[in-house]
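Q: Could you take me through one part of this model in close detail? I'd like to hear how a pair of neighbouring helices and the loop joining them are put together.

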Amino acid sequence: MTAVCLGIVTVIIVGAVLKFAQAAMVPLAIAIILFFVFTPLLSFMEKFRIPRIISITVVIVIFFGFFYLFGLFIYASIKSFVVQLPKYQARFTSLLMEISKELFERFNVSPTVIADINWGRTLQNSLLSLSGSLMELVGNLIMITLFLIFLLLEQNRFQVKVRKAFHISMSDRIYLIMKHINDQIGRYLSIKFIISLATGMLIYLSLMLIGLDFPIIWGALAFFLNFIPNIGSAFIVIIIIIMSFIQFYPEMEPILAVSLSVIATQVALGNILDPRLQGRRLNLSPFLILVSLLVWGWLWGVVGMFLAVPIMAIIKIVCENIPALRPIAILMGSGQDSHNPPNTSQVMLGSPESKTGT
């Protein structure tokens, strides 16, 4: 009971610190995730003996270039979307009244109830909230970059510091387990980033060819929401199908084309390719995903919701590589974790074999 109570108190204190230190913790969390994303690229450049400082400069240039181009596209698309918002509002209201006419007559409700709802203001408030979060993220860009640079510079010095701090046999085991965790997290985030980018690009191209308005917005949303397994993919599919219905109804061919292309992309990349590349061992419980979205969304807002699943995946990978915490990793999983972590982690963490040296 004492341990349970201490655990509850610790969770509450950590949550309070994360909430009140949001201004500093959000840039740090984003920088840590970007560190794991760019680590494989740095390792690749090191194979060609490129100096570390040049490799880090290339990474920062890629980061800023991607951020600038992406922000430019999103800004232009949202600006044009806001201009045409009244037209879509009127179209949506008329379609909704037409579809619900029979239902209103049955329950003796006036159809003007829907017309009286200010859908535009609701959507506008949502866009303002989202844009406010994005602008806050842009304001933290300098801090994120500084954190990222120092993390990348610190990576090479970690092994040296561990060797000085611990006995050589213990330092070797600590370094190997940290390297193993780093490789797994980097692989997970890199694959997730590439799959999300491919999902966004394919959805953008398919919607552009079909003729749906604002394909860059839907492609960008697909990229971001793909970091939220199941829930994010389902949400973007529903939103795109609704928008195609508003734009093309009563023509059913383009609506079917949009629906099939979006669903096929999500199934092929999210449900077939992603699990094959990641392996079932990294699957998270859907209930845990929902809870983490609520918790991190409450702590850090919209940015917290996007970071929720990557943070949970990192925690699960760390727990998988530490025998004492492995039950927590199993509980965090989806129940399909049929494979144990690699044997190398068991040797590194103090199994009898590790005493003879790994």
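**A helix pair and its loop**

A: In this predicted model, α9 and α10 are roughly antiparallel to each other, because their axes cross at roughly 160° and anything over 145 counts as roughly antiparallel. Those axes come within 8 Å, and the crossing is right-handed. By class, the contact of α9 with α10 brings together eleven nonpolar and four polar residues, with no charged ones.

Now for who touches whom. On the α9 side, the residues in contact are F193, S196, L197, T199, G200, I203, Y204, L207 and M208. They meet P215, I216, W218, G219, A222 and F223 in α10.

Next, the loop. α9 covers 168-210 and α10 covers 215-225, with F214 in the loop between them. The backbone at F214 is worth a look: phi is positive there, about 55°, although F214 is not a glycine. Most residues other than glycine have a negative phi. F214 is also buried, because its relative accessible area is 9% and the cut-off for buried is under 20%.

For a comparison elsewhere in the chain, try R49. Like F214, R49 is not a glycine and has a positive phi, in this case about 60°. R49 also sits in a loop, the one between α2 (22-47) and α3 (52-83). The surroundings are where they part ways: R49 is exposed, with a relative accessible area of 77%, whereas F214 is buried at 9%.

Key. Residues numbered from 1 in each chain as written. Predicted model: local features only at pLDDT ≥ 70, side-chain atom pairs only at ≥ 80, totals over all residues. Heavy atoms only, no water. Helix = DSSP H or I, 4+ residues; strand = E, 2+ residues; numbered from the N terminus. Buried < 20%, exposed > 50% of the residue type's maximum accessible area, 1.4 Å probe, protein only. Axes fitted to C-alpha atoms, helices over the stretch in contact; angles between N-to-C directions. Parallel < 35°, antiparallel > 145°, perpendicular 65-115°, else oblique. Left-handed = near helix turned anticlockwise from the far one by under 90°. Contact = heavy atoms within 4.5 Å. Nonpolar A, V, L, I, M, F, W, Y, C, P; charged D, E, K, R; others polar.
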